[in-house]
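Open the structure in your viewer and keep the selection tool at hand. We will go stop by stop.

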Amino acid sequence: MLATDLADEQRLLVHPILLGCGKGLFDDRMQASAFRLDASTTSPDGMPVNRYVRDGKVRIGSFESA
C-alpha cells in the first residue's frame, strides 16, 4: 500500500534487534510520503507501539548552514 500511495496511517511495533539483520521496512518501490507521529504507547512487555498519520506534502530540507 505504501508503494501505491494508498496508506493513510501506519502503526509500527518496534522489536529491537541486537545482532543480525531483519526484514527492511521500505523497498525501492516506496514513494516519498509525509507522516507525523500521532500517538505512542508501550505494550505490557515494553515494546513501543507508534501510530503515524498522513501529514500533507513531503517537506524537503537541506544540510546547509542557515
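**A tour of the sheet**

Start with strand 1 and strand 3, residues 48-54. Five bridges join them, and the two run antiparallel. This is a predicted model.

Now zoom in on this pair. Select Gln10. Which residue is its bridge partner in strand 3? Pick Tyr52 and you have it.

Next, select strand 2 along with strand 3. Seven bridges join these two, again antiparallel. Click on Phe35. Opposite Phe35, in strand 3, stands Arg54.

Follow the chain from strand 2 into strand 3. The two form a hairpin, with five residues between the strands. Stop at Gly46. In this hairpin, Gly46 takes a positive phi near 95°.

Step back and show the three strands together. They make an open sheet in the order 1-3-2, with antiparallel pairing. Why is one side of strand 1 and of strand 2 left without a neighbour in the sheet? Strand 1 (9-13) and strand 2 (35-42) stand at the edges and each has a single partner strand, so one side of each stays free of a neighbour there. Rotate the view and compare strand directions. On average, neighbouring strands of this sheet are turned by 20° against each other, direction ignored.

While you look along a strand, keep a general rule in mind. In a regular strand, side chains alternate between the two faces of the sheet.

Last stop: colour the model by confidence. The protein chain averages a pLDDT of 82, and 85% of the residues score at least 70. Select strand 2, where confidence is highest, at a mean of 94. Then select strand 1, where confidence is lowest, at 88.

Terms used: Residues are numbered from 1 along each chain as its sequence is written. This is a predicted model: local features need pLDDT of at least 70, side-chain atom pairs count only at pLDDT 80 or more; totals for chains, interfaces and linings use all residues. Side-chain values use heavy atoms; hydrogens and water are left out. Two strands pair if DSSP finds at least two bridges between them. Helices (H or I, at least four residues) and strands (E, at least two) are DSSP runs, numbered from the N terminus. Axes are lines fitted to C-alpha atoms, for helices over the stretch in contact, and angles run from 0 to 180 degrees between N-to-C directions. pLDDT is the predictor's confidence in each residue, from 0 to 100.
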